[in-house]
Amino acid sequence: MSAWALPDHIADVLPSEARHIEELRRGLLDTARSYGYELVMPPLLEYLESLLTGTGEALNLQTFKLVDQISGHTLGLRADMTQQVARIDAHLLNREGVTRLCYCGPVLHAAPDRPRATREPLQFGAEIYGHAGPEADIEALSLALACVEGAGVSGFTVDLADVRLVRSLLAGVMVDSDVLQKVHAALASKDATALVALTKNFPQASRDGLLALLQLYGDVKVLDEAEKALERTPGAQHVLQHLKWFAAQFPEANVTFDLADLRGYSYYSGTRFAVYAPGASDALVRGGRYDEVGAVFGRNRPAAGFSLDIKQLVSVVPSRPLRAAIRAPWGNGAQLSLAIAQLRSQGETVVCVLPGHESEVDEFHCDRALVQSAGQWVVQAV
């Protein structure tokens with residue numbers, strides 16, 4: 001194997017893209033802070049039980065595992081940071097009332113989760129804990145849209161769903177976890193053949209309702225169709241009315257619905273949202289309500305939030321121009337050094353040209369030069 005070869009779906013990030021990713025990262029964190037979200041930095045690895053408790057098989061399959069040489073316990077390299085942030089809220093901060101937290105860092109996936117995806121996403125997310133009302137869901141989606149718009153994404157669509165519809169249809173149905181996971185997968189992939197086979201022993205009302213969900217996607221008219229299709233399902237009408245109300249809170253957004261969408265991890269407990277953008281092979285943002293996420297850490301707090309992969313985000317936003325810079329001669333004279341230091345302290349990028357490299361092209365667009373005029377170092381346009 002070549003010394004410079006990398007594993008499949010793992011790649012270096014080169015200067016132009018790295019600069020763009022870093023600018024997006026800073027912008028996302030600034031946007032979250034403007035909403036009152038505090039930054040936390042969970043560790044890259046921790047005990048496997050803490051990472052995976054309550055998340056289901058999907059996250060388990062995505063998690064790299066290794067043995068801690070100190071303790072002998074099995075560790076996991078995080079594949080998602082939501083559980084970690086829930087642990088911080090429940091166990092370390094342990095605050096009363098509302099807590100708003102955001103995070104940004106690499107996660108590792110055992111396999112790519114979408115076509116052409118990296119196995120090393122740079123995950124950004126935000127979570128709001130301690131408020132059970134729909135206001136927290138609205139704030140989570142509002143912040144998600146502010147982040148997407150601030151990054152320069154246009155023409156996006158917000159897709160809504162609610163896991164309580166499927167839970168209502170499965171209430172009282174005796175089924176093991178393996179079959180349940182396959183039912184969820186069939187719904188997510190809209191595989192009617194698989195769903196028919198999996199539900200052959202289900203009560204007729206549950207089976208009909210689940211099959212109806214496969215066709216219930218589109219604009220707000222879908223909710224009217226769902227009210228008819230699920231009229232015998234306890235609790236379904238309330239959920240559908242809530243989805244109508246929730247969508248109405250975002251009159252400027254292009255909102256659609258996919259009532260069979262169960263993709264993602266199993267900790268979601270209510271309304272879910274996904275943001276799709278032109279050029280993205282899958283959802284750019286996924287989020288919603290997950291009230292039980294902190295229960296395993298001793299505090300079953302209401303929670304809502306979202307996450308996105310900045311590496312995916314950078315692939316669907318316009319490229320940014322090279323950063324304007326000032327080209328300066330190389331030298332160690334006190335006056336020249338002072339002039340360069342002052343420009344850098346003002347936020348300017350100053351590139352000193354090493355001897356013999358005056359004609360080389362670099363990552364920065366040097367539209368000005370630091371030159372000596374009348375005994376003073378001054379900046380001139382080039």
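**How much accessible surface does the protein chain have, and what share of this surface belongs to carbon and sulfur atoms?**

**Figure 1. Overview of the predicted model.** The accessible surface of the protein chain comes to about 19200 Å², and carbon and sulfur atoms account for 54% of this area. The chain has 382 residues, of which 46% count as buried. Its secondary structure consists of 13 helices and 16 strands. Taken along the principal axes, the C-alpha atoms fill a box of roughly 90 × 55 × 50 Å. Among the contacts with a separation of 6 or more, 68% are between residues 24 or more positions apart.

**Figure 2. The open sheet of strands 2, 4 and 3.** These three strands are arranged in the order 2-4-3, and their pairing is antiparallel. Strand 2 and strand 3 (64-67) are at the edges; each has a single partner strand, so one side of each is left without a neighbour in the sheet. From one strand to the next, the twist averages 35°. Strand 2 is joined to strand 4 (residues 74-77) by three bridges, and the two run antiparallel. Within this part of the structure, Glu46 stands opposite Gly76 in strand 4.

**Figure 3. A nonpolar patch on the surface, formed by Leu44, Leu45 and Leu66.** Together, the three leucines have about 220 Å² of accessible area. Leu44 is found in the loop between strand 1 (38-39) and strand 2 (45-47). Is Leu44 buried or partly exposed? With a relative accessible area of 37%, Leu44 is partly exposed, because buried means under 20% and exposed means over 50%, with partly exposed in between.

**Figure 4. Strand 5 and its pairing with strands 1 and 6.** Strand 5 (residues 99-106) is mostly covered, as six of its eight residues are buried. Strands of a sheet pair through backbone hydrogen bonds, either parallel or antiparallel. Strand 1 and strand 5 pair in the parallel sense, over two bridges. Strand 5 and strand 6 (residues 122-129) run antiparallel and are joined by eight bridges. Leu101 in strand 5 can be followed in both pairings: Glu38 stands opposite Leu101, and the bridge partner of Leu101 in strand 6 is Glu127.

**Figure 5. The surroundings of Asp137 in helix 5.** Helix 5 comprises residues 134-150 and includes Asp137. Which residues does Asp137 contact, leaving aside its neighbours within four places in sequence? They are Phe246, Thr271, Arg289 and Ala304. Asp137 has a relative accessibility of 6% and therefore counts as buried.

**Figure 6. The open sheet of strands 14, 13, 15 and 16.** Four strands form this sheet in the order 14-13-15-16, with mixed pairing. At the edges are strand 14 (350-353) and strand 16 (376-381), each of which pairs on one side only. On average, neighbouring strands of the sheet are turned by 35° against each other, direction ignored. Strand 15 (residues 365-373) and strand 16 run antiparallel, with six bridges joining them. Arg368 stands opposite Ala381 in strand 16. In a regular strand the side chains alternate between the two faces of the sheet.

Note on methods: Residues numbered from 1 in each chain as written. Predicted model: local features only at pLDDT ≥ 70, side-chain atom pairs only at ≥ 80, totals over all residues. Heavy atoms only, no water. Patch = residues over 30% accessible without salt bridge, like charges linked within 9 Å, V, L, I, M, F, W, Y side chains within 5 Å. Areas by Shrake-Rupley, 256 points an atom, 1.4 Å probe, with all protein chains shown as cover. Salt bridge = Lys/Arg side-chain N within 4 Å of Asp/Glu carboxyl O. Buried < 20%, exposed > 50% of the residue type's maximum accessible area, 1.4 Å probe, protein only. Contact = heavy atoms within 4.5 Å. Pairing = 2+ DSSP bridges. Axes fitted to C-alpha atoms, helices over the stretch in contact; angles between N-to-C directions.
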